[in-house]
Amino acid sequence: MKTTETIQITGLERLVLNVADIARSTEFYTAVLGMTAHNSCLWSSGACVIQLHARPGERLPAALRPLSGSADFCLACEGDPRMMLRHLARHRVAVAAGPLLRTADDGTRASLFIHDPDGNLLELAFRRAPESSSVPEAIVFRAVSRHDELATIALLAREIWPAVYDKLLKPGQFDYMMNRMYSPEVMRRELESGVRFDLIEDDGLAVGFTSYGPVEPDGVVCPLHKIYLLGTYQHRGLGGRAIRHAAAWARKFDARRLELHVNKGNGAAIRAYLRHGFTAVDSVTSDIGGGYVMDDYIMALELLPAPNGSEAEK
């Protein structure tokens, strides 16, 4: 394969098909070709992996003009993705999403996404050792300010959710909720309405995200919407850091309480929030359409005045 000073393409890792009907395409690839399907992803007993996308622009990132019958693809790469970012900048190629960590059968990948001159979406997946940073200072919370950065959050959600919710959601509910919560239109509307999104980055690679705010009209409650981390970054104190980070931001607006919804079946999350001082103050069952409901506890953390000298991370 051709090599630049920063990248070596070693193979085709994944093919993404833009289809008119995911259910019809899934039936074809499973019944006719004997592939296995799960959450809009198809794979064979070999190394072949196909992902299905429907409805142009339903998820981020996407090709610039995604039509049924077209395809995006993932290239397996060797090299340093941070050097690749500088290489792309020299060639005036914009990054559509990433870099972020993703999980593959043989370890983790550091992926970033670009468009080619015709608008096709290319994922560049760099092999990376599974060890994460052991230096706390290398992990930072960075506020999202641009619409194009939301694509990285949507990708992280699709990476993290299966491990959290696979046993809690009904068949079909995963894709329904992904499109309901992480579609481009929904996320842009939230950002413009004052919801704060933070990417959690390890030495420049996105490994998780949070979202919270704005403070409700009563001036008391600040909603804490999401805290999600890749599995290798859990149980390292980052969840607590994310809570403290959101709490410090809320105090700036004189909010006195953080509130969030937690799935009643998500015992690990409930125990974690209890350890950090949250209490269950109510429960709610909400019809979210599509024949699905959300059965949640409402958990709250009372915000005490910040200790002298402490402040939110930048």
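# Exercises on a predicted chain

The chain has seven helices and 15 strands. The model is predicted. Of its 314 residues, 46% count as buried. Among contacts between residues at least 6 apart in sequence, 63% join residues at least 24 apart.

## Exercise 1. Cysteines

Task: Find how many disulfides the chain has, and explain why Cys-77 is or is not bonded to Cys-74.

Solution.

Step 1. Start with the cut-off: two cysteine sulfur atoms form a disulfide if they lie within 2.5 Å.

Step 2. Apply this cut-off to the chain: the count is zero disulfides. Cys-74 takes part in none, and the cysteine sulfur nearest to its own, that of Cys-77, is 7.4 Å away.

Step 3. Look from the other side. For the sulfur of Cys-77, the closest cysteine sulfur is in Cys-74, and 7.4 Å is too far for a bond.

Step 4. Add the surroundings. A residue is buried if its relative accessible area is under 20%. Cys-74 has 1% relative accessibility, so Cys-74 is buried. Cys-77 has 0%, so Cys-77 is buried as well.

## Exercise 2. Helix α3 against helix α4

Task: Describe how the axes of α3 and α4 cross, and list the residues that meet.

Solution.

Step 1. Decide what to look for. Two packed helices are described by the angle between their axes and by the distance between those axes.

Step 2. Take both values. Helix α3 covers residues 150-165 and helix α4 covers residues 173-182; their axes come within 11 Å and cross at roughly 150 degrees.

Step 3. Classify the angle. Angles over 145 degrees count as roughly antiparallel, so α3 is roughly antiparallel to α4. The crossing of α3 past α4 is right-handed.

Step 4. Name the partners. On the α3 side they are Ile-153, Ala-154, Ala-157, Arg-158, Trp-161 and Pro-162. On the α4 side they are Phe-174, Asp-175, Met-177, Met-178, Asn-179, Met-181 and Tyr-182.

Step 5. Sort them by class: the contact of α3 with α4 has ten nonpolar residues, one polar and two charged.

## Exercise 3. Helix α3 against helix α5

Task: Classify the crossing of α3 and α5 and give the residues in contact.

Solution.

Step 1. The axes of α3 and α5 come within 10 Å and cross at roughly 125 degrees.

Step 2. This angle makes α3 oblique to α5. The crossing is right-handed.

Step 3. From α3, the contact uses Leu-150, Ile-153 and Ala-154; from α5, Met-187, Arg-188 and Leu-191.

Step 4. Sorted by class, the contact of α3 with α5 has five nonpolar residues, no polar residues and one charged residue.

## Exercise 4. The surroundings of α4

Task: Decide whether α4 is largely enclosed or largely open, and name what covers its buried residues.

Solution.

Step 1. List the buried residues of α4: Gln-173, Phe-174, Asp-175, Met-177, Met-178, Met-181 and Tyr-182.

Step 2. Compare with the length of the helix. Seven of the ten residues of α4 are buried, so the rest of the structure largely encloses this helix.

Step 3. Name the cover. It includes the helices α3 and α5 (184-192), and the strands β11, β12, β14 (279-289) and β15 (292-302).

## Exercise 5. Backbone details

Task: Locate the cis peptide bonds before Pro-99 and Pro-214, then the positive phi values of Arg-92 and Asp-203.

Solution.

Step 1. The bond from Gly-98 to Pro-99 is cis, with omega near 0 degrees. Pro-99 belongs to strand β6, residues 95-104.

Step 2. The bond from Gly-213 to Pro-214 is also cis, with omega near -10 degrees. Pro-214 sits in the loop between β11 (205-212) and β12 (221-229).

Step 3. Arg-92 is not a glycine, and its phi is positive, near 55 degrees. Arg-92 lies in the loop between α2 (81-90) and β6. Its relative accessibility is 77%, so Arg-92 counts as exposed.

Step 4. Asp-203, also a residue other than glycine, has a positive phi of about 50 degrees. Asp-203 is in the loop between β10 (196-202) and β11. With a relative accessible area of 45%, Asp-203 is partly exposed.

## Exercise 6. Leu-42

Task: State where Leu-42 lies and whether it is buried or exposed.

Solution.

Step 1. Leu-42 is in strand β3, residues 41-43.

Step 2. Its relative accessibility is 1%, so Leu-42 is buried.

Step 3. Thr-26 is 16 residues from Leu-42 along the chain, and the C-alpha atoms of the two are separated by 7.7 Å.

Terms used:
Residues numbered from 1 in each chain as written. Predicted model: local features only at pLDDT ≥ 70, side-chain atom pairs only at ≥ 80, totals over all residues. Heavy atoms only, no water. Buried < 20%, exposed > 50% of the residue type's maximum accessible area, 1.4 Å probe, protein only. Axes fitted to C-alpha atoms, helices over the stretch in contact; angles between N-to-C directions. Helix = DSSP H or I, 4+ residues; strand = E, 2+ residues; numbered from the N terminus. Parallel < 35°, antiparallel > 145°, perpendicular 65-115°, else oblique. Left-handed = near helix turned anticlockwise from the far one by under 90°. Contact = heavy atoms within 4.5 Å. Nonpolar A, V, L, I, M, F, W, Y, C, P; charged D, E, K, R; others polar.
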